[in-house]
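This report walks through one protein chain for a reader who has not met it before. It begins with a term that a later passage depends on, and then moves from the whole chain to particular residues.

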Amino acid sequence: MSITPKREIEYSITVDIPPGYHPLPLTNIDQALQNAAGPITEAAPDALNSSVSDVLGVLEFFLKALAARRTVYCGVGRHLTEAGEQVTSWITISLLQGGDPQNPRLVVQDFAMNKLAQAPSTVVEPVEADGRPMLFSEFTRRFPAPDLSAYEGRSDDVTVFQLEALVPSDDGTNVAVIEFSTLAVDSGPLYGEMLFGMATSIDFTELTPAYSSLNL
């Protein structure tokens, strides 16, 4: 008698990316950045020219780190607010394995409790859209100013505004995570509707069917 154990279910996702975002490479990262180095250096203002190499090095590190944690999309966008302010923002979308099958509402509840335990000031809002539970978060973080020649004399930390949406699959085994980040802290909350639209557009497609078999 032999038993084939139950396999974990794996998914891919589709999601509507808003206009104005341009994807960054998550595969063949070294080659893509090498190809981009020349045009970026030519386009950069003279004051930033000396920092291009360092910036690309940091970007390479972060893109490889994102790819290693199952990020399926990373994009940068530039938009104009109604007041005419130009806002630069970043979107990353990751697909994480959540464990054994369970009610997706419990997945949302667990994530909400963990977020509040780690950062009590985080705004956390569980939502149901068309019967699908999801979790939205809003918070700001402070990071050290980059060590670049263009930033010399700027010792203050950099404040980043972030929005996050967590959308579990129907069986609770996988979780799609959308993260929106911008340095334009005052304009950041205006992107909540955009994030909600992305979250509700997510569609999970099963790649690995779960099965078990018993051979006698």
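A polar contact is a pair of N or O atoms within 3.5 Å, where, within protein, one atom must be able to donate a hydrogen and the other to accept it. In this model, which is predicted, the side chain of Asp 171 makes such a contact with the side chain of Tyr 11, at 2.8 Å. A further polar contact, of 2.7 Å, joins the side chains of Asp 171 and Ser 169. Asp 171 belongs to the loop between β8 and β9, and with a relative accessibility of 17% it counts as buried. Leaving out residues up to four places away in sequence, Asp 171 touches Ile 9, Tyr 11, Pro 101 and Gln 102.

**The chain as a whole**

The chain contains 5 helices and 11 strands, and buried residues make up 36% of its 216 residues. Of the contacts between residues at least 6 apart in sequence, 66% join residues at least 24 apart. The chain exposes about 12900 Å², of which carbon and sulfur atoms supply 54%.

**Nonpolar cores and a surface patch**

In soluble globular proteins, nonpolar side chains tend to be buried together. Here the largest nonpolar core has 28 residues, and those with the most contacts inside it are Ile 91, Ile 178, Phe 180 and Phe 204. Among the elements that give two or more residues to this core are β5 (86-97), β9 (174-182) and α5 (192-201). Apart from it lies another core, of 8 residues, which include Ile 29, Leu 33, Leu 66 and Cys 74. When its neighbours within four places in sequence are left aside, Ile 91 is in contact with residues including Tyr 21, Tyr 73, Cys 74, Ile 178, Phe 180, Met 194 and Met 198.

On the surface, by contrast, Val 58, Phe 61 and Phe 62 form a nonpolar patch, with about 320 Å² of accessible area together. Val 58 is placed in helix α3, residues 52-68, and is partly exposed, at 42% relative accessible area.

**Salt bridges**

The structure holds 5 salt bridges, and three of them are set out below.

| Pair | Closest N to O |
|---|---|
| Lys 64 and Asp 30 | 2.9 Å |
| Glu 60 and Lys 64 | 2.9 Å |
| Lys 115 and Glu 164 | 2.4 Å |

Lys 115, in helix α4 (residues 104-118), and Glu 164, in strand β8, are 49 residues apart, and their pair links distant parts of the chain; both residues are buried. Asp 30, Glu 60 and Lys 64 are joined into one network by salt bridges that share partners. Within that network, Lys 64 lies in helix α3 and Asp 30 in helix α1 (residues 29-43), so the pair ties together parts that are 34 residues apart in sequence. Glu 60 and Lys 64 are separated by about one helical turn, because they are 4 residues apart in helix α3. Lys 64 counts as partly exposed at 37% relative accessibility, as does Asp 30 at 42% and Glu 60 at 27%.

**Positive phi values**

Most residues other than glycine have a negative phi. Arg 70, in the loop between α3 and β4 (71-80), has a positive phi, near 65°, and is partly exposed at 32% relative accessibility. Asp 130, in the loop between β6 and β7, also has a positive phi, near 55°, and is exposed, with a relative accessible area of 86%.

Methods:
Residues are numbered from 1 along each chain as its sequence is written. This is a predicted model: local features need pLDDT of at least 70, side-chain atom pairs count only at pLDDT 80 or more; totals for chains, interfaces and linings use all residues. Side-chain values use heavy atoms; hydrogens and water are left out. Patches are made of residues with over 30% relative accessible area and no salt bridge: like charges are joined within 9 Å, nonpolar side chains (Val, Leu, Ile, Met, Phe, Trp, Tyr) within 5 Å. Accessible areas come from the Shrake-Rupley method with a 1.4 Å probe; for residues, only the protein chains shown count as cover. A salt bridge is a side-chain nitrogen of Lys or Arg within 4 Å of a carboxyl oxygen of Asp or Glu. Buried means under 20% relative accessible area, exposed over 50%, partly exposed in between (1.4 Å probe, protein chains only). Contact means heavy atoms within 4.5 Å. A nonpolar core is a set of buried Ala, Val, Leu, Ile, Met, Phe, Trp, Tyr and Cys residues joined through side-chain atoms within 4.5 Å.
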